[in-house]
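Grab a pencil and open the viewer. Here are a few short exercises to work through with the chain in front of you.

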Amino acid sequence: REDAGVVCIADRNLVSNPGFELGWTRPWRYASTSRRRVSTAVPGWLVAFGTVDWGDYKTRNHCPYPVSSGRSCAAEGMSFLDMCGLSGRTGGRLRQYVRVESGK
């Protein structure tokens, strides 16, 4: 597809693990920074500050659907990201570097 001189490749995603489907186990997993070091526990992402949870987490009002419903709260797939982290007081920050090449 071409828009305003820019060629778009529709079937290629430049973001790694965009739906946070990789790296978690049921029902969820958390990652945190430690001693001012980033965490690479979330595949494709760097946890730059605080803690984040990801997976199919259905407790503490993270998801309005009960486990028995079989429904996921994720917009796509089964996993979603909670930026509030473990305590809810220190929100997490994620970072990802996306490699792009001009003209390609």
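The exercises below deal with a predicted model, each followed by a worked solution.

**Exercise 1. Find which elements of the chain have the lowest and the highest mean pLDDT.**

Start with the whole chain: its mean pLDDT is 78, and 78% of its residues reach 70 or more. Now go element by element. Strand β1 (residues 2-3) comes out lowest, with a mean of 48, while strand β7 (residues 93-95) comes out highest, at 90. Keep in mind that where pLDDT is low, the predicted coordinates should not be read in detail.

**Exercise 2. Work out the strand order of the open three-stranded sheet and name its edge strands.**

First trace the order: β3-β5-β6, paired antiparallel. Next check the sides: β3 (28-32) and β6 each pair on one side only, which makes them the edge strands. Going from one strand to the next, the twist averages 25°. Then zoom in on β5 and β6, whose antiparallel pairing runs over three bridges. Here you'll find glycine 55 standing opposite phenylalanine 80 of β6.

**Exercise 3. Place aspartate 56 in the chain, then decide: buried or exposed?**

Locate the residue first: aspartate 56 sits in the loop that links β5 (51-55) with β6 (80-82). Its relative accessible area is 8%. The cut-off for buried is under 20%, so with 8% aspartate 56 counts as buried. Finally, look at who surrounds it. Leaving out neighbours within four places in sequence, aspartate 56 is in contact with Trp24, Arg26, Pro27, Ser72, Cys73, Met78 and Phe80.

Notes. Residues are numbered from 1 along each chain as its sequence is written. This is a predicted model: local features need pLDDT of at least 70, side-chain atom pairs count only at pLDDT 80 or more; totals for chains, interfaces and linings use all residues. Side-chain values use heavy atoms; hydrogens and water are left out. Helices (H or I, at least four residues) and strands (E, at least two) are DSSP runs, numbered from the N terminus. Buried means under 20% relative accessible area, exposed over 50%, partly exposed in between (1.4 Å probe, protein chains only). Contact means heavy atoms within 4.5 Å. pLDDT is the predictor's confidence in each residue, from 0 to 100. Two strands pair if DSSP finds at least two bridges between them. Axes are lines fitted to C-alpha atoms, for helices over the stretch in contact, and angles run from 0 to 180 degrees between N-to-C directions.
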